[in-house]
Amino acid sequence: MANIQLGKFNRLQVLRSNEYGLDLGFNEHDTVLLPNRYVEKSMLEGDWIEVFVYLDSEDRLTATTENPYTQVGEFAFLKCLEINRIGAFMDWGLPKDLLVPFGQQFKELQVGRNYLVYLYIDNASQRIVATTKLDRHLDKEPASFSKGQEVRAIVRRKTDLGYLCIINNSHSAMIFKDQTVKHLKIGTELNAYIRQVRNDGKISLSLHKGAIQAKNSLAEMLLEELKSNRGFLPLNDKSKPEDIYQKFQVSKAVFKRTLGQLYRERTIEIRSDGIYLVD
(Lines give C-alpha, C1' and ligand atoms only; values in the text may rest on other atoms or scores of the structure.)
Protein backbone atom coordinates (compact mmCIF):
# COMPACT_ATOMS: atom_id res chain seq x y z
CA MET A 1 0.00 0.00 0.00
CA ALA A 2 1.35 3.43 -0.97
CA ASN A 3 2.26 5.92 1.74
CA ILE A 4 2.51 9.69 1.69
CA GLN A 5 6.17 10.62 1.15
CA LEU A 6 7.62 13.53 3.09
CA GLY A 7 9.80 15.89 1.09
CA LYS A 8 8.53 14.69 -2.27
CA PHE A 9 5.82 15.34 -4.82
CA ASN A 10 2.81 13.09 -4.22
CA ARG A 11 -0.26 12.41 -6.33
CA LEU A 12 -3.05 12.23 -3.74
CA GLN A 13 -6.83 11.95 -3.75
CA VAL A 14 -9.13 14.61 -2.30
CA LEU A 15 -10.89 12.69 0.49
CA ARG A 16 -12.98 15.47 2.10
CA SER A 17 -13.06 19.17 2.89
CA ASN A 18 -13.01 20.84 6.31
CA GLU A 19 -12.80 24.37 7.68
CA TYR A 20 -8.99 24.39 7.28
CA GLY A 21 -8.73 23.02 3.74
CA LEU A 22 -8.76 19.63 2.07
CA ASP A 23 -7.73 16.27 3.49
CA LEU A 24 -5.66 14.39 0.90
CA GLY A 25 -4.36 10.84 0.90
CA PHE A 26 -4.54 7.29 -0.39
CA ASN A 27 -6.92 6.18 2.37
CA GLU A 28 -8.70 7.48 5.48
CA HIS A 29 -5.86 6.46 7.81
CA ASP A 30 -2.99 8.27 6.06
CA THR A 31 -3.89 11.88 5.22
CA VAL A 32 -2.32 15.31 4.89
CA LEU A 33 -3.94 18.75 4.92
CA LEU A 34 -3.89 21.06 1.92
CA PRO A 35 -4.51 24.47 3.58
CA ASN A 36 -7.26 26.74 2.26
CA ARG A 37 -4.78 29.19 0.70
CA TYR A 38 -3.83 26.49 -1.83
CA VAL A 39 -7.33 25.14 -2.48
CA GLU A 40 -8.88 25.88 -5.88
CA LYS A 41 -12.57 25.72 -6.77
CA SER A 42 -11.84 23.04 -9.36
CA MET A 43 -10.57 20.63 -6.65
CA LEU A 44 -13.44 18.28 -5.90
CA GLU A 45 -13.83 15.24 -3.67
CA GLY A 46 -12.49 12.18 -5.46
CA ASP A 47 -10.08 14.17 -7.64
CA TRP A 48 -6.39 13.25 -7.79
CA ILE A 49 -3.99 16.20 -7.51
CA GLU A 50 -0.22 16.59 -7.35
CA VAL A 51 1.15 18.31 -4.24
CA PHE A 52 4.43 18.63 -2.40
CA VAL A 53 4.47 17.39 1.19
CA TYR A 54 6.66 19.04 3.82
CA LEU A 55 6.62 20.16 7.47
CA ASP A 56 5.28 23.65 8.17
CA SER A 57 6.73 26.11 10.72
CA GLU A 58 5.12 24.09 13.52
CA ASP A 59 6.44 20.76 12.16
CA ARG A 60 3.02 19.63 10.98
CA LEU A 61 2.74 17.48 7.87
CA THR A 62 1.40 19.85 5.21
CA ALA A 63 0.70 19.78 1.49
CA THR A 64 1.24 22.64 -0.93
CA THR A 65 0.65 23.25 -4.63
CA GLU A 66 3.78 25.41 -4.74
CA ASN A 67 6.77 23.85 -6.46
CA PRO A 68 10.08 23.77 -4.55
CA TYR A 69 13.28 23.81 -6.58
CA THR A 70 14.13 20.26 -5.53
CA GLN A 71 12.97 17.35 -3.36
CA VAL A 72 14.36 14.72 -1.00
CA GLY A 73 16.85 12.41 -2.70
CA GLU A 74 18.04 15.07 -5.14
CA PHE A 75 21.04 17.39 -5.49
CA ALA A 76 20.41 21.09 -6.13
CA PHE A 77 22.28 24.40 -6.29
CA LEU A 78 20.65 26.66 -3.69
CA LYS A 79 21.27 30.12 -2.24
CA CYS A 80 22.11 30.64 1.44
CA LEU A 81 19.71 33.22 2.92
CA GLU A 82 20.54 33.24 6.63
CA ILE A 83 22.81 31.73 9.26
CA ASN A 84 21.85 31.42 12.92
CA ARG A 85 22.82 29.32 15.94
CA ILE A 86 21.58 26.02 14.46
CA GLY A 87 22.85 26.28 10.89
CA ALA A 88 22.38 27.85 7.48
CA PHE A 89 19.04 28.31 5.76
CA MET A 90 18.65 27.90 2.03
CA ASP A 91 16.07 29.20 -0.42
CA TRP A 92 14.34 26.20 -1.98
CA GLY A 93 11.20 27.92 -3.21
CA LEU A 94 8.93 27.41 -0.18
CA PRO A 95 7.94 29.83 2.64
CA LYS A 96 9.83 27.70 5.20
CA ASP A 97 13.54 27.77 4.32
CA LEU A 98 15.67 24.61 4.16
CA LEU A 99 18.15 23.96 6.99
CA VAL A 100 21.76 22.87 6.50
CA PRO A 101 22.93 22.05 10.07
CA PHE A 102 26.47 23.07 10.98
CA GLY A 103 27.43 19.41 11.25
CA GLN A 104 26.35 18.88 7.63
CA GLN A 105 28.49 21.68 6.19
CA PHE A 106 31.64 20.54 4.38
CA LYS A 107 32.88 24.12 4.70
CA GLU A 108 31.27 26.99 6.57
CA LEU A 109 28.54 28.50 4.40
CA GLN A 110 28.22 32.21 3.68
CA VAL A 111 25.05 34.26 3.24
CA GLY A 112 24.38 35.27 -0.35
CA ARG A 113 26.38 32.45 -1.93
CA ASN A 114 25.02 29.38 -3.73
CA TYR A 115 25.97 25.83 -2.80
CA LEU A 116 25.37 22.36 -4.16
CA VAL A 117 23.40 20.42 -1.54
CA TYR A 118 21.67 17.06 -1.12
CA LEU A 119 18.24 16.76 0.53
CA TYR A 120 17.37 13.94 2.92
CA ILE A 121 15.23 13.11 5.95
CA ASP A 122 17.16 13.39 9.24
CA ASN A 123 16.67 10.15 11.18
CA ALA A 124 16.64 11.81 14.62
CA SER A 125 14.27 14.71 13.97
CA GLN A 126 12.40 13.28 10.95
CA ARG A 127 12.75 16.72 9.32
CA ILE A 128 13.80 17.60 5.79
CA VAL A 129 17.38 18.90 5.88
CA ALA A 130 20.24 19.38 3.44
CA THR A 131 23.97 18.72 3.44
CA THR A 132 27.01 19.88 1.49
CA LYS A 133 28.82 16.63 2.38
CA LEU A 134 27.85 15.04 -0.91
CA ASP A 135 30.07 11.97 -1.38
CA ARG A 136 28.25 9.87 1.23
CA HIS A 137 25.03 10.27 -0.74
CA LEU A 138 26.43 9.13 -4.09
CA ASP A 139 25.77 5.58 -5.26
CA LYS A 140 28.95 3.50 -4.91
CA GLU A 141 27.48 0.47 -6.68
CA PRO A 142 28.62 -0.21 -10.29
CA ALA A 143 26.62 1.90 -12.70
CA SER A 144 24.30 0.21 -15.20
CA PHE A 145 24.46 3.04 -17.74
CA SER A 146 25.04 2.19 -21.40
CA LYS A 147 27.14 4.06 -23.94
CA GLY A 148 25.22 6.90 -25.56
CA GLN A 149 22.53 6.91 -22.84
CA GLU A 150 21.16 10.36 -22.08
CA VAL A 151 21.50 11.50 -18.46
CA ARG A 152 20.79 14.65 -16.48
CA ALA A 153 24.00 16.14 -15.12
CA ILE A 154 24.69 18.87 -12.58
CA VAL A 155 28.18 20.40 -12.48
CA ARG A 156 29.81 19.89 -9.08
CA ARG A 157 33.24 21.48 -9.53
CA LYS A 158 35.98 22.23 -12.03
CA THR A 159 39.17 20.12 -11.91
CA ASP A 160 42.42 19.95 -13.87
CA LEU A 161 40.85 17.22 -16.01
CA GLY A 162 37.55 18.94 -16.71
CA TYR A 163 34.23 19.13 -14.84
CA LEU A 164 33.14 16.73 -12.14
CA CYS A 165 29.38 16.16 -12.28
CA ILE A 166 26.60 14.26 -10.57
CA ILE A 167 24.31 12.38 -12.96
CA ASN A 168 20.71 11.31 -12.41
CA ASN A 169 21.05 12.20 -8.71
CA SER A 170 23.09 9.04 -8.18
CA HIS A 171 26.60 8.73 -9.63
CA SER A 172 29.71 10.84 -10.08
CA ALA A 173 30.94 11.40 -13.65
CA MET A 174 33.47 13.52 -15.53
CA ILE A 175 33.18 15.80 -18.55
CA PHE A 176 36.77 15.98 -19.79
CA LYS A 177 38.18 19.22 -21.18
CA ASP A 178 38.17 17.97 -24.75
CA GLN A 179 34.41 17.37 -24.58
CA THR A 180 33.43 21.01 -24.09
CA VAL A 181 34.34 24.32 -25.64
CA LYS A 182 32.80 26.61 -23.07
CA HIS A 183 33.14 27.27 -19.35
CA LEU A 184 30.55 25.47 -17.24
CA LYS A 185 29.49 27.13 -14.01
CA ILE A 186 29.09 25.19 -10.76
CA GLY A 187 25.46 24.19 -10.37
CA THR A 188 24.74 24.20 -14.12
CA GLU A 189 22.24 21.50 -15.06
CA LEU A 190 22.42 20.01 -18.54
CA ASN A 191 21.71 16.95 -20.62
CA ALA A 192 24.75 14.77 -21.31
CA TYR A 193 25.49 11.35 -22.75
CA ILE A 194 27.44 8.40 -21.36
CA ARG A 195 30.76 8.27 -23.20
CA GLN A 196 32.37 5.43 -21.24
CA VAL A 197 31.87 3.35 -18.09
CA ARG A 198 35.29 2.00 -17.14
CA ASN A 199 36.00 -1.32 -15.42
CA ASP A 200 36.79 0.57 -12.21
CA GLY A 201 33.32 2.15 -12.33
CA LYS A 202 34.42 5.64 -13.33
CA ILE A 203 32.12 7.35 -15.82
CA SER A 204 32.95 9.88 -18.52
CA LEU A 205 30.41 12.04 -20.32
CA SER A 206 29.97 13.73 -23.66
CA LEU A 207 27.80 16.73 -24.41
CA HIS A 208 26.96 15.12 -27.74
CA LYS A 209 25.09 11.91 -28.41
CA GLY A 210 27.80 9.31 -28.76
CA ALA A 211 31.20 9.88 -30.32
CA ILE A 212 30.50 7.45 -33.18
CA GLN A 213 27.15 9.03 -33.98
CA ALA A 214 28.67 12.50 -33.71
CA LYS A 215 31.58 11.54 -35.96
CA ASN A 216 29.32 10.02 -38.60
CA SER A 217 27.00 13.00 -38.54
CA LEU A 218 29.91 15.45 -38.65
CA ALA A 219 31.58 13.54 -41.49
CA GLU A 220 28.45 13.97 -43.59
CA MET A 221 28.24 17.67 -42.69
CA LEU A 222 31.92 18.22 -43.55
CA LEU A 223 31.61 16.57 -46.95
CA GLU A 224 28.48 18.57 -47.78
CA GLU A 225 30.22 21.76 -46.69
CA LEU A 226 33.28 20.98 -48.82
CA LYS A 227 31.17 20.17 -51.88
CA SER A 228 29.24 23.43 -51.58
CA ASN A 229 32.44 25.48 -51.16
CA ARG A 230 34.45 24.21 -54.12
CA GLY A 231 36.21 21.57 -52.09
CA PHE A 232 37.74 23.81 -49.44
CA LEU A 233 37.00 24.64 -45.78
CA PRO A 234 39.21 27.07 -43.78
CA LEU A 235 39.27 24.86 -40.67
CA ASN A 236 41.72 22.14 -39.66
CA ASP A 237 43.04 20.29 -36.61
CA LYS A 238 44.83 23.47 -35.45
CA SER A 239 41.69 25.65 -35.47
CA LYS A 240 40.36 27.21 -32.28
CA PRO A 241 37.69 25.15 -30.42
CA GLU A 242 35.27 28.08 -30.47
CA ASP A 243 35.57 28.44 -34.26
CA ILE A 244 34.83 24.74 -34.71
CA TYR A 245 31.88 24.88 -32.33
CA GLN A 246 30.43 27.98 -34.01
CA LYS A 247 30.49 26.21 -37.37
CA PHE A 248 29.47 22.64 -36.46
CA GLN A 249 28.35 22.67 -32.77
CA VAL A 250 30.81 19.90 -31.82
CA SER A 251 33.90 19.80 -29.63
CA LYS A 252 37.40 20.02 -31.10
CA ALA A 253 38.04 16.41 -30.05
CA VAL A 254 35.11 15.12 -32.13
CA PHE A 255 36.16 17.36 -35.03
CA LYS A 256 39.76 16.07 -34.97
CA ARG A 257 38.66 12.41 -34.81
CA THR A 258 36.37 12.98 -37.79
CA LEU A 259 39.16 14.63 -39.79
CA GLY A 260 41.37 11.65 -38.98
CA GLN A 261 38.68 9.27 -40.18
CA LEU A 262 38.19 11.14 -43.49
CA TYR A 263 41.95 11.51 -43.99
CA ARG A 264 42.54 7.77 -43.51
CA GLU A 265 39.78 7.13 -46.03
CA ARG A 266 41.66 9.49 -48.40
CA THR A 267 38.56 11.62 -48.71
CA ILE A 268 40.28 14.85 -47.63
CA GLU A 269 43.69 16.48 -47.42
CA ILE A 270 44.64 18.46 -44.32
CA ARG A 271 46.79 21.54 -45.01
CA SER A 272 47.92 24.55 -42.99
CA ASP A 273 45.16 26.80 -44.37
CA GLY A 274 42.31 24.28 -44.07
CA ILE A 275 40.99 21.01 -45.48
CA TYR A 276 40.54 20.07 -49.13
CA LEU A 277 38.27 17.53 -50.75
CA VAL A 278 40.20 14.86 -52.64
CA ASP A 279 38.97 14.41 -56.23
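Biologist: Why is Arg 127 said to count as partly exposed?

Modeller: In this predicted model, Arg 127 has a relative accessibility of 40%. Buried requires under 20% and exposed requires over 50%, so the 40% of Arg 127 falls in between and the residue counts as partly exposed.

Biologist: What makes Asp 59 and Arg 127 a salt bridge?

Modeller: The closest N and O atoms of Asp 59 and Arg 127 are 2.7 Å apart. The cut-off is 4 Å between a side-chain nitrogen of Lys or Arg and a carboxyl oxygen of Asp or Glu, and the pair therefore qualifies as a salt bridge. Asp 59 sits in the loop between S4 and strand S5 (61-64), while Arg 127 sits in the loop between S9 and S10, so that the pair links distant parts of the chain, 68 residues apart. Asp 59 also counts as partly exposed, at 33% relative accessibility.

Biologist: How do you know whether Asp 23 is buried or exposed?

Modeller: The relative accessible area of Asp 23 is 12%. Buried means under 20%, so Asp 23 is buried. Its salt-bridge partner is Arg 16, with the closest N and O atoms 3.0 Å apart. Arg 16, at 30%, is partly exposed. These two residues and Glu 28 are linked in a network of salt bridges.

Biologist: How many salt bridges does a search of the whole structure find?

Modeller: The search finds 11 salt bridges. One pair consists of the side chains of Glu 225 and Lys 247, at 2.8 Å from N to O. Glu 225 belongs to helix H1 (residues 211-228) and Lys 247 to helix H2 (residues 241-248), so this pair ties together parts that are 22 residues apart in sequence. Lys 247 counts as partly exposed, at 37% relative accessibility.

Biologist: Why does Arg 156 count as buried or exposed, whichever applies?

Modeller: Its relative accessibility is 14%. That value is under the 20% limit, so Arg 156 counts as buried. Arg 156 lies in strand S11 (residues 150-158). Leaving aside neighbours within four places in sequence, Arg 156 is in contact with Leu 116, Leu 134, Asp 135, Leu 138, Leu 164, Cys 165, Ile 166 and Ile 186.

Biologist: Which residues of the largest nonpolar core touch the most other members?

Modeller: They are Leu 24, Leu 34, Val 51, Met 90, Trp 92, Leu 98 and Ile 128, out of 33 residues in that core. Strand S4 (residues 48-55) contributes the largest share, six residues. A second, separate core has 16 residues, among them Ala 143, Phe 145, Val 155 and Cys 165. In soluble globular proteins, nonpolar side chains tend to be buried together.

Biologist: With which residues is Ile 128 in contact?

Modeller: Leaving aside neighbours within four places in sequence, the contacts of Ile 128 include Leu 6, Val 53, Val 72, Trp 92, Leu 98 and Leu 119. On strand S10 (residues 128-131), Ile 128 and Ala 130 point one way, Val 129 and Thr 131 point the other way, and all are buried.

Biologist: What makes S9 and S10 a pair?

Modeller: Strand S9 (residues 114-121) and S10 share four bridges in the antiparallel sense. Pairing needs at least two bridges, so the four between S9 and S10 satisfy the condition. Tyr 118 has Thr 131 in S10 as its bridge partner. The hairpin of S9 and S10 has six residues between the strands, and in it Gln 126 takes a positive phi near 60°.

Biologist: What joins S6 to S7?

Modeller: Five bridges join these antiparallel strands, and a hairpin connects S6 to S7 through two residues. Asn 84 stands opposite Gly 87 in S7. Strand S7 (residues 87-91) is mostly covered, with four of its five residues buried. S7 also pairs with strand S8 (residues 98-101), in the antiparallel sense and over four bridges, and Ala 88 stands opposite Val 100 in S8.

Biologist: Why is Ile 83 called partly exposed?

Modeller: Ile 83, located in strand S6 (residues 75-84), has a relative accessible area of 35%. This value lies between the 20% and 50% limits, so Ile 83 is partly exposed. Together with Phe 102 and Val 111, Ile 83 forms a nonpolar patch on the surface, with about 250 Å² of accessible area together. Patch membership requires over 30% relative accessible area, a condition that the 35% of Ile 83 meets.

Conventions. Residues numbered from 1 in each chain as written. Predicted model: local features only at pLDDT ≥ 70, side-chain atom pairs only at ≥ 80, totals over all residues. Heavy atoms only, no water. Core = buried A, V, L, I, M, F, W, Y, C linked by side-chain atoms within 4.5 Å. Buried < 20%, exposed > 50% of the residue type's maximum accessible area, 1.4 Å probe, protein only. Contact = heavy atoms within 4.5 Å. Patch = residues over 30% accessible without salt bridge, like charges linked within 9 Å, V, L, I, M, F, W, Y side chains within 5 Å. Areas by Shrake-Rupley, 256 points an atom, 1.4 Å probe, with all protein chains shown as cover.
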